[in-house]
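Let's take a friendly walk through this structure, one piece at a time. Have the sequence and the 3D view ready as you read.

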Number of protein chains: 2
Amino acid sequence: MPSRAAAAAGEPLDEAMRALAEPRRRAILRLVAHDELAAGEIAAAFEVTRTAVSQHLTVLKGAGLLTERRDGTRRLYRARPEGLAGLREFLDDMWASALDDARRLVEADRAARERSEEEIR
Amino acid sequence: MPSRAAAAAGEPLDEAMRALAEPRRRAILRLVAHDELAAGEIAAAFEVTRTAVSQHLTVLKGAGLLTERRDGTRRLYRARPEGLAGLREFLDDMWASALDDARRLVEADRAARERSEEEIR
DNA sequence: TGCGAACGTTAGCGATAACTGACGGACGGG
DNA sequence: CCCGTCCGTCAGTTATCGCTAACGTTCGCA
């Protein structure tokens, strides 16, 4: 198979994106961005079941956006900013190419203007 | 309705996130990041139907990540980097708070050390 | 050792999303 | 004026996702 679509869903950026696509997961991430919280505390902050929150935590952990630490029967979670590196890279690439485009357009415009002057002359 | 869950799916960041969660849509965005391309050209770059690509383009346009320009029967698309502003903001906030945490940890450590010194003295 | 607390896990359900195929509309050339 | 091109839109299908309820597991404490 020469030209697979390369969408094996194993890419780190892809997992992070999919995890962040869910609003509740972003809220959870914001919640543990400052403080390390237990699963129960996180769940208490929402109006869904602890089960749902636990699943969200699993997804976030799988995407590398969270770290888990055990303390007795509790599980403490904290945001893992390095997990956002891929996303940041993607974003910077997009903005960089956009700036390149802008520069290219200006360049083309300037070139056109110079040709016009040449024509006048 | 006073305290709705605020998940009306109308938030700009949410739409951009959901749009970017799809790998194919990110590929499309990368494709039109440099050059302005027609819908047909974009569709030719993938192994799915033009219909699917058209729907992806609609989603991207709805998320403010694309601009559409008509030229005869063709529709030319180009990436719109400003659509990524919300995402960038979210990302920066996350990283900033992470840095805050690091600074706070260092601070706590220093304070603890000073208390130790005080105890020695 | 027994018991309750704190979580993760599984099965099942409803909703959403991505894809295909068929159709309709707008534009331009002969 | 008709015809081919280019493209969006509309049903319909299948897969995926988020949620709930019930169950299993691990740990601390009396």
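What follows looks at a pair of helices, then a sheet, and then the surroundings of a DNA strand. Please keep in mind that this is a predicted model.

Let's begin in chain A with two helices, α2 (residues 23-34) and α4 (residues 50-62). Their axes are 10 Å apart, and the helices pack at an angle of about 75°. Angles of 65 to 115 degrees count as roughly perpendicular, so α2(A) is roughly perpendicular to α4(A). On the α2(A) side, the contact is made by R24(A), R25(A), I28(A) and L29(A), while α4(A) brings H56(A), V59(A) and L60(A). Sorted by class, this contact has 4 nonpolar, 1 polar and 2 charged residues.

Now move over to chain B, where 3 strands form an open, antiparallel sheet in the order β1-β3-β2. Here β1 (37-38) and β2 (66-71) stand at the edges with a single partner strand each, so one side of each has no neighbour in the sheet. Strand β1(B) is joined to β3 (residues 74-79) of chain B by 2 bridges, and A38(B) stands opposite L76(B) in β3(B). Across β1 and β3 of chain B lies helix α2 (residues 23-34) of that chain, running at about 95° to β3(B).

Finally, which residues are closest to DNA strand C? They are A38(A), G40(A), S54(A), R74(A) and T49(B), out of 20 residues that surround the strand. At least two residues of this surface come from each of α3 (39-44), α4 and β3 (74-79) of chain A and α4 (50-62) of chain B. By class, the surface near DNA strand C has 5 nonpolar, 11 polar and 4 charged residues.

Notes
Residues numbered from 1 in each chain as written. Chains lettered and ligands numbered in written order. Predicted model: local features only at pLDDT ≥ 70, side-chain atom pairs only at ≥ 80, totals over all residues. Axes fitted to C-alpha atoms, helices over the stretch in contact; angles between N-to-C directions. Helix = DSSP H or I, 4+ residues; strand = E, 2+ residues; numbered from the N terminus. Parallel < 35°, antiparallel > 145°, perpendicular 65-115°, else oblique. Contact = placed C-beta atoms within 7 Å. Nonpolar A, V, L, I, M, F, W, Y, C, P; charged D, E, K, R; others polar. Near = placed C-beta within 6 Å. Pairing = 2+ DSSP bridges.
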